[in-house]
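Open the model in your viewer and keep the sequence panel beside it. The stops below say what to select and what you will find there.

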Amino acid sequence: ITMKTTFTPIQTLTPFYTGGAISLSYPLLASTLHSSAVLTHLPTNKQITTLPGDDEPLTCLTLSPNARYLVTASRSLSLNIYTLAEGIAESIADGVVEAGVPPGGLPGGLPNSLAGPPRTLKPHSTPSVSLTINPSSTHLATGSASGEIRILNLSAGFATHTFHLSGVITTLRFLNSKNLAAGTDSGVVGIFDLTSNRVVKFEAHASVVRAIGYLGGTVLTASRDRTVAFWTLQGKEVKRVAVLESIEAADFLSDGKFYTAGEGGRLRLWDFKTSEEVAGEKDPGEPVVDVLVQGEGRLVSVRDDQTLLIHDTTTLGLDVVRRVSGSFDAIYDLVFVGPSRLALATSSSSVRIVGLEKGDDLGVLAGHIDVVLSLAVDASGKWLLTGSKDTAIKLWDVETSTCKATFTGHTESVTAVAIPPSDQPKHFLSASSDRTIKKWSLTAQKAIYTRKAHNDEINALAIQPHRFASASKDKTIKLFDFETGEVLALLRGHTRGVWSVAFSPKGTSLPIPGGTVATNLLASSSSDFTLKLWDLRTYECVASLEGHAAAIYKTLWLPPGEASQPTLLATAAADGLVKIWNAATQECVATLDNHTDRVWGLAIQGSDEPTILASGSADASFTLWRDTSSATATEALEATSRRVEEDQELQNQLREGLLREAADLALRLDHPRRLLEIFGRLVEGGREGEIRAIVRGLDDGLLVGLLRRVRDWNANGWMGGVAQWVLHAVLVEVGAERLVRLKGGKELWDGLAAYTKRYVDAAKKREEEGEVLRWVLGQMGGVEGVI
């Protein structure tokens, strides 16, 4: 068996929240992703399904308390009510249903997370901007931009009540089984009695009402006027608490405390009786746009940067026990920092340390004041270097997420950093848009030398113990002595800017023209769509590999395997693809396609077996790929062995006359000649019952396979008789209803019908000719009698 190179995606982390409405009915989270809604299993961070919108932004969404309904509304005036499949959360948790996989089986190819297509309504003449569902999950309240409020029956969709307030409805809350409260952008609050249709309206705040809560007969309202107020159901003010920040979220907890959060970036707990703050985050973070209740002792604060922080409300500091990013934005660079973590440089000034198991943020490295462009990690995975548009380089302790040193000296963006492959490095390199390369002392925290290296921006660095390479937009690659910074060689050959360079690992052995073997090579990739290999003894290009349809941003060598295995490289490009190359044959041996935009980042996880690749894209996602070549080869070998055994079994069954068993095996092995032989023997022996028994036991897949063979036989005159016998058995045993549901059934029947009609017409013609012949013979008999 020839070893086939295969890589399988084992995990993909994609955005699920880009700001806007968000709702939690634990363990299900519904969130806004541009104009779509995403349903996520929060404990595992697995995306269950994405429900495409109508290209208009979503204005609001909500999950029912029993997690059976998801309701979304958009600026198009449409309101969609989705019924979720019963037990979907439990199925994902137990691994019964794989998240994100739409296996079909529902109308319109809907994913298996839905019980059917949505019910679409247009309840208002202006967009719905607020939604809430009552505790029993039977009714939905929707508030519009024009002040209209409607209550709808969730299962049937009809309206049961209509109310009005002046202004935009900014928040809604079912207080109990008979009361609904609403707040507006003008600070007015209305409490509606659903049994008598009476309304209590009052001026609650001087600004937008952002939240309404309820506990034991007391109504809570919170506003951007920096106050939280408390009311009776009759609209009488009980008291008011000044919280000194614009509030976006507030509510009671079951123990009588209440929480607030907003522009100050701190989640806080208050004692209702004393009106004093009793717990809160120590340091302010990003502004809070919403707070979700996960369960007893857990609150989720939703931040302005689309990060979800899960807090332990039993601690004084409301400790963050988990951090999840809703979106990473474009990923510019990534590196493995240890066996189960990735560092991501996105279009922000912070670097995220992400756990690979669930995609949680394990740390955030905040300190730069502009976008981080480049990353490098030491061999231990403990120390991380970051280069930024702010012209600075920072050294981080990954374990503690703390900055240990800042290096300044470049005058423009730091586009590349590189650190020697050592557990205790003493120096590192940096390159910049200012066209210089600097060597730095980690201990002295200063530059040892600065070299004007290129005539245009420098895109990449690669380092070996005694030399390093640089790649530039000026189309060249340069090699330098690491100790002195002196130029060793200039490599020309690319016709456009060079994006990446990588030294071959120890143990590389590559046959090159001239009958020699190169053991020390440099790979480079460029905007000219090529990957080039350079022999570092002669500084000549020994191979130019083509296959990408756009600029190649990143290249790296895969760890060398056994002597019999090929030398492989991986590339990432602007065409959204990752490709694996055989350096010896100069062929692309695998294309990894799981991104929808350019792939900027590519990293490899140490030298562990099997190899794990990580790719990061401008589509704000990263994918982990496992090298499954060895497993694929083993499976192929086992499949070949099984095939040989089954072929022998088929021959034995034919020899022994076990035609029913042989037919089933021939179908599974896809042996059309043997299958025709089997059915031909059955037709010849008049064994219609056995033909029907074979057909009766076939599943849909094998039945489609048989019909394809029958269609082919039907088109051939000498096989047509056998085809018609089998087709007759199919029609009798399977029935029209099942046949109609078969995948590709219509095309099959169109092909079968055309030739079957020919056989019927031919049979009719033969029958007519037979009648004429019998008449002629009869006449001849009469003449003979007369003679």
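A salt bridge here is a side-chain nitrogen of Lys or Arg within 4 Å of a carboxyl oxygen of Asp or Glu. The model is predicted, so local features need pLDDT of at least 70 and side-chain atom pairs count only at pLDDT 80 or more, whereas totals for chains, interfaces and linings use all residues. Residues are numbered from 1 along each chain as its sequence is written, and side-chain values use heavy atoms, with hydrogens and water left out.

**Stop 1: the whole chain**

Start with a cartoon of everything. The chain has nine helices and 58 strands; these are DSSP runs numbered from the N terminus, helices being H or I of at least four residues and strands E of at least two. Of the 787 residues, 51% are buried. Buried means under 20% relative accessible area, exposed means over 50%, and partly exposed lies in between (1.4 Å probe, protein chains only).

Switch on the surface. Its accessible area is about 34,900 Å², and carbon and sulfur atoms hold 50% of that; the areas come from the Shrake-Rupley method with a 1.4 Å probe, and for residues only the protein chains shown count as cover. Among contacts (heavy atoms within 4.5 Å) with a separation of 6 or more, 44% are between residues 24 or more positions apart.

**Stop 2: the helices and their core**

Select residues 629-656, which form helix H2, and then add H3 (659-669), H4 (672-684), H5 (688-696), H6 (700-714) and H7 (720-733). Each of these helices supplies at least two residues of the largest nonpolar core, which has 36 residues. Such a core is a set of buried Ala, Val, Leu, Ile, Met, Phe, Trp, Tyr and Cys residues joined through side-chain atoms within 4.5 Å. Show Leu-675, Ile-678, Phe-679, Leu-703, Leu-706, Trp-713 and Val-730 as sticks; they have the most contacts inside the core.

Centre on Phe-679. Which residues does Phe-679 touch, not counting those up to four places away in sequence? They are Ile-691, Ile-694, Leu-706, Trp-713, Val-722 and Val-726.

**Stop 3: salt bridges between H5 and H7**

By the rule given above, the model has 26 salt bridges. Select Arg-692 and Glu-733, whose closest N and O atoms are 2.8 Å apart. Arg-692 is in helix H5 and Glu-733 in helix H7, so the pair ties together parts 41 residues apart in sequence. Both ends are partly exposed: Arg-692 at 28% relative accessibility, Glu-733 at 22%.

Now add Arg-696. Arg-696 also forms a salt bridge with Glu-733, with closest N and O atoms 2.9 Å apart. This pair again links helix H5 to helix H7, across 37 residues.

**Stop 4: a buried salt bridge**

Move to Glu-245 and Arg-268, whose side chains meet at 3.2 Å, N to O. Glu-245 lies in the loop between strand E21 (237-242) and strand E22 (247-252), and Arg-268 is in strand E24 (residues 268-271), so the pair ties together parts 23 residues apart in sequence. Are these two residues buried or exposed? Glu-245 is buried at 5% relative accessibility, and Arg-268 is buried at 9%.

**Stop 5: a four-stranded sheet**

Find the open sheet with strand order E42-E43-E44-E45 and antiparallel pairing. Two strands pair if DSSP finds at least two bridges between them. Colour E42 (458-463) and E45 (487-492): these are the edge strands, each with a single partner, so one side of each has no neighbour in the sheet. E44 (residues 476-481) pairs with E45 over five bridges, in the antiparallel sense. Within that pair, label Thr-476 and look across to Arg-492 in E45, which stands opposite.

**Stop 6: Leu-429 and Ser-350**

Leu-429 is in strand E39 (residues 427-432) and is buried, with 0% relative accessibility. Beyond four places in sequence, the contacts of Leu-429 include Ala-416, Val-417, Tyr-449, Leu-461, Ile-463, Phe-468 and Phe-482. Draw a C-alpha to C-alpha distance to Leu-385: the two leucines are 10.0 Å apart in space and 44 residues apart in sequence.

Finish at Ser-350 in strand E32 (residues 350-355). Ser-350 is buried, with a relative accessible area of 17%. With residues up to four places away left out, Ser-350 touches Leu-344, Val-364, Leu-365 and Ala-366.
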